[in-house]
Amino acid sequence: MSGDPEPVVDLSAAAYVYMQVADHVAWQIRAGRLQPGARLAGERDLAREYGVSIATARRAVQELRERGLVVTLPAKGTFVTESRNEPDA
């Protein structure tokens, strides 16, 4: 999988930006770049990394929770869950 180009967030694409961010993080999980138990960057850092608003980053994390890929623990952070087979979108 190392030869595959890394997906990028395209702010001009006809897709919700939060879904692009969530899809990119999900891709990182599937590619093994984010291992089970790994802590995701905070919402402010995700927003800065992807060049999006904090609200967009927050919605992306919510989407990842809904997919069962991450879990958020109050006052602790958001962590990658144990390996699950995410259905292809």
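Analyst: Two strands count as paired if DSSP finds at least two bridges between them. Strands (E, at least two residues) and helices (H or I, at least four) are DSSP runs, numbered from the N terminus. This is a predicted model, in which local features need pLDDT of at least 70 and side-chain atom pairs count only at pLDDT 80 or more, while totals for chains, interfaces and linings use all residues. Residues are numbered from 1 along each chain as its sequence is written, and side-chain values use heavy atoms, with hydrogens and water left out.

User: In which sense do strands S1 and S2 pair?

Analyst: S1 (residues 70–73) and S2 (residues 77–80) pair in the antiparallel sense, over 4 bridges. Leu73 stands opposite Gly77 in S2. The two strands form a hairpin with 3 residues between them, and Ala75 in that turn has a positive phi of about 65°.

User: How should one read the largest nonpolar core, and which residues have the most contacts inside it?

Analyst: In soluble globular proteins, nonpolar side chains tend to be buried together. A nonpolar core is a set of buried Ala, Val, Leu, Ile, Met, Phe, Trp, Tyr and Cys residues joined through side-chain atoms within 4.5 Å; buried means under 20% relative accessible area, exposed over 50%, and partly exposed in between (1.4 Å probe, protein chains only). The largest core here has 20 residues, and Val25, Ile29, Leu40, Tyr50 and Leu64 have the most contacts inside it. Helices H1 (17–30), H2 (43–50) and H3 (54–66) are the elements that give two or more residues to this core, and H1 supplies the largest share, 6 residues. Beyond its neighbours within four places in sequence, Val25 is in contact (heavy atoms within 4.5 Å) with Leu34, Leu40, Tyr50 and Leu64.

User: Is His24 of helix H1 buried or exposed?

Analyst: His24 counts as buried because its relative accessibility is 5%. The His24 side chain makes a polar contact with the side chain of Tyr50 (2.5 Å). Such a contact is a pair of N or O atoms within 3.5 Å; within protein, one must be able to donate a hydrogen and the other to accept it, and residues adjacent in sequence count only if both atoms are side-chain atoms.

User: Which residues of H3 are buried, and which exposed residues lie on the face turned away?

Analyst: An α-helix has 3.6 residues a turn, so residues three or four places apart point the same way. In H3, Thr56, Ala57, Ala60, Val61, Glu63 and Leu64 are buried. They lie on the same side of H3 because they cover an arc of only 155° around the axis, taken from the directions from the helix axis to the C-beta atoms. The face turned away from this buried side carries the exposed residues Ala55 and Glu66. The cover over the buried residues of H3 includes H1, H2, S1 and S2. After H3 comes Gly68, whose phi is positive, near 80°.
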